[in-house]
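Visitor: I am new to this structure and would like a close look at a single part of it, at an unhurried pace. Please begin with the words I need, and then show me how the pieces meet.

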Amino acid sequence: MRISSTISALLATAGATSWQSLPGSNFAPGQPWGYAPEASWPPTYNNGSALVPQAPDRQTQHLVAQVDAARLKRTVTKLVSFGTRHTLSQQNSTTRGIGAARDWLLREMQGIAGGSDGNMDVFFNSYIQPVASRILFPVNITNVVARINGTTDPNRVYVVTGHYDSRRIDINDYTNDAPGADDDASGVALVLEMARICAKLKPAATMIFAAVAGEEQGLYGSNNLAGTLKNQSFNVEGNWNNDIVGQGSFLPTTPINPHTIRLFGASLFYPNASSTNLLQTTALIGGENDSPARNLGRFIAEVAAGAVKYLDMQVALIYRPDRFLRGGDHQSFLSKGFPAVRFTEAVEDYKHQHQDPRVQDGVVYGDNIEFVNFEYLQRVTRTNLATMWSAATAPGMPKNVTISQSVGVPATFQNTSLAVVNNLSRFNWNTGNDTLVASYELVWRVSGALQWSHYLNAGNVGTTTVDLPKDDLQFGVRAVGKDGKKSPAVFPLPL
C-alpha cells in the first residue's frame with residue numbers, strides 16, 4: 001500500500017503542535033477536555049467546573065526530557081543481536097538465546113541500580129514451568145525486575161512491563177532467528193530507560209520495572225510476577241504494559257498516527273477476578289465502562305493531555321481488553337484483580353510481527369530493527385514515564401466508594417421526606433490515613449463520553465451530595481494530593 005501524496009504532505013508538516021488540530025486528534029479546537037458532542041446531554045454547567053488536565057510540574061518536565069532515543073536504540077539493537085529470544089531457546093550461551101538476553105538485562109539493571117545510592121534493588125522472579133500449552137519441556141522462566149520502594153506508601157505498587165521473549169510463525173520454533181525488535185524489544189527498552197531515569201527518585205509508592213519472559217508462549221512470566229505480588233499482599237494500583245510500541249507510521253497511516261499510542265482498557269467482564277454479584281451489580285447500574293482498568297486508562301490519557309507539550313503524544317483509550325481476540329501480559333495482572341492496561345502502536349504491520357525473517361516476492365518480512373522508529377518509541381516512553389510517575393507520587397485511590405440508594409429516589413410511603421425524594425446524588429468513601437491527601441474530587445461525564453469532563457472539589461471529607469442525576473451520568477471519586485496530583489478515579493457502587 002502506498003501513501004497518497006496528500007497524506008505524505010500532511011505527514012511532512014505535522015510538527016509538535018500542528019498535529020493537535022489534525023483529524024483524529026483528542027484536542028478539539030475551542031472545546032474542553034472530554035468534549036463529546038454526540039453525548040452532551042444533560043448539561044451540568046451549574047455544578048462543579050469543566051475539567052482541565054493538569055500541566056506537569058517541573059520535576060516531571062525534567063524527567064521526560066531525559067528520555068534518550070539513542071539509549072532506546074542501543075537496547076533494541078542488543079536484544080536483536082541474540083538471534084532468538086524464544087522462551088524455549090538455549091539458556092547456557094553468552095551470545096545467543098533467551099538466557100543470554102536474560103543475563104544481559106540483569107547486568108544492565110544492576111548497572112542502573114549501582115548508581116542509585118541504594119535506592120533500587122534488582123532481582124530475578126523465576127520458576128520452572130512444567131510441560132504445558134506451548135511448553136514442550138520443563139523450562140526456567142525468568143523475569144528481570146528492578147524495584148524502588150515507596151517512601152510513604154510502599155505497599156502501593158505500580159508496575160511497568162515489556163516482554164523480552166520473541167517468536168517466529170511456528171510458535172514452537174525455538175532455534176531459528178526471531179529478532180523481535182518491535183515485539184517486544186521496544187517495550188523492554190522503554191522499561192530499562194524508565195528504570196534508568198527513576199533510579200535515584202523517591203516516589204511515595206513503590207515502582208517496579210519488569211522485563212518479563214514467556215509472553216508469546218502464554219503469559220507465563222507475567223502471570224508468575226502478578227501472582228507473586230498478590231501472594232505477598234501488595235496493593236497493585238496499576239500495570240502499564242508495553243507491547244509493540246516502536247512504530248507510528250505503519251500503513252495504512254494518517255498524519256496523526258506518529259503522535260498516537262493506543263491504550264487498551266478492559267471491562268470487568270473479561271478477564272477479571274470479580275465476583276458474580278459484582279458483575280451483576282455493575283451491569284445493572286451501567287458501570288461496564290467504569291472498570292478499574294478503564295479508569296486507569298482515563299487517568300493516563302488525562303495526565304498525558306496535560307503534558308502534551310512535553311510528550312508530543314496523545315493517548316487513544318480503547319474499550320477492549322486488547323486487540324481483537326488477542327492478549328498480553330496486562331491480562332495476568334487483570335486476572336489477579338489488579339488494574340492493568342496495554343500500550344500498543346497506532347497501527348500494527350503483520351508483515352513485521354511473528355514473521356520468519358525473509359524476502360518473499362520482493363516483500364521484506366520479519367520483526368527487524370529497521371522497522372522501529374526510535375523517535376516514536378521516545379514519545380511512548382515519555383508518556384509512560386510522565387503518567388506512572390504522576391501516579392506513584394499522588395495519593396492512592398479512595399477506598400469503599402459508594403453512591404447512596406436512600407437519597408434521590410422515589411417515595412416509598414406517603415410521608416417519605418422530600419429530603420430524599422429528589423434527584424440528588426450522595427457519595428461516600430473512606431478517607432483513610434493517607435498523608436498525601438489534601439482533598440477529594442467528584443468527577444463525572446455523560447454516559448456516552450470517553451473521558452471525565454467535570455469535577456467538584458469535595459474537600460478533605462468522606463462524603464458529598466450534589467444536584468446531579470445518577471440516571472444519566474457516570475461518576476468517580478479521586479484523591480488529590482497537596483501538589484495537585486490526582487489518583488485514578490474509583491467508580492461508586494450502590495449502598
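Guide: A residue is called buried at under 20% relative accessible area, exposed at over 50% and partly exposed in between, with a 1.4 Å probe and protein chains only. The model is a predicted one, in which local features need a pLDDT of at least 70 and side-chain atom pairs count only at 80 or more, while totals for chains, interfaces and linings use all residues. Residues are numbered from 1 along each chain as its sequence is written, and side-chain values use heavy atoms, leaving out hydrogens and water.

The average pLDDT (the predictor's confidence in each residue, from 0 to 100) of the protein chain is 92, and 96% of the residues score at least 70. Over residues 6-15, however, the pLDDT is below 50, and this stretch has 17 contacts in the model beyond near neighbours in sequence, where contact means heavy atoms within 4.5 Å.

The part to look at is strand β13, residues 425-430, which holds Phe427. Strands (E, at least two residues) and helices (H or I, at least four) are DSSP runs numbered from the N terminus. One face of β13 is covered and consists of Ser425, Phe427 and Trp429, whereas Arg426, Asn428 and Asn430 make up its uncovered face.

Strand β13 is joined to strand β12, residues 399-403, by three bridges, and the two run antiparallel; DSSP must find at least two bridges for strands to pair. Across this pairing, Phe427 in β13 has Ile403 standing opposite. Four bridges also join β13 to β16, residues 463-466, again with the strands running antiparallel. Here Asn428, from the uncovered face of β13, stands opposite Thr463 in β16, while Ser425, from the covered face, stands opposite Val466. The side chains of β16 alternate as well: Thr464 and Val466 are buried and point to one face, and Thr463 and Thr465 point to the other and are not buried.

Ile403, which stands opposite Phe427, leads on to Leu493, a residue of strand β18, residues 493-494. Leaving aside neighbours within four places in sequence, Leu493 is in contact with Val401, Thr402 and Ile403, and also with Leu278 and Ile285. With a relative accessible area of 29%, Leu493 is partly exposed. Its C-alpha lies 7.9 Å from that of Thr282, although the two residues are 211 apart in sequence.

To follow Phe427 further, we need its ring. A pair of aromatic rings is described by the distance of the centres and the angle of the planes. Rings of Phe, Tyr and Trp (its six-membered ring) pair if their centres lie within 6.5 Å, and planes under 30 degrees apart count as stacked, over 60 as edge-to-face and the rest as tilted. The count by this rule is six aromatic pairs.

One of them, useful for comparison, joins Phe137 and Tyr174 edge-to-face, with 5.6 Å between the centres and 80 degrees between the planes. Phe137 belongs to the loop between β2 (120-129) and β3 (139-148), and Tyr174 to the loop between β4 (153-163) and α5 (181-198), so this pair ties together parts that are 37 residues apart in sequence. Phe137 counts as partly exposed because its relative accessibility is 28%, and Tyr174 counts as partly exposed at 29%.

Back at β13, the rings of Phe427 and Phe475 have centres 4.8 Å apart and planes at 55 degrees, so this pair is tilted. Since Phe427 lies in β13 and Phe475 in strand β17, the pair ties together parts that are 48 residues apart in sequence. Phe427 and Phe475 are both buried. Elsewhere, ring pairs link Trp19, Phe27 and Trp33 into a cluster.

Phe475 brings us to β17, a member of an open sheet of four strands in the order β1-β15-β14-β17, with antiparallel pairing. Strands β1 (49-50) and β17 (473-481) are the edges of this sheet, each pairing on one side only. Nine bridges join β17 to its antiparallel partner β14, residues 437-446, and Val437 has Gly481 of β17 as its bridge partner.

For contrast with the strands, consider Asn119, found in the loop between α4 (98-114) and β2. Asn119 counts as buried, because its relative accessibility is 13%. Apart from neighbours within four places in sequence, Asn119 is in contact with Arg147, Ile148 and Asn149, and also with Cys198, Ala199, Lys200, Leu201 and Lys202.
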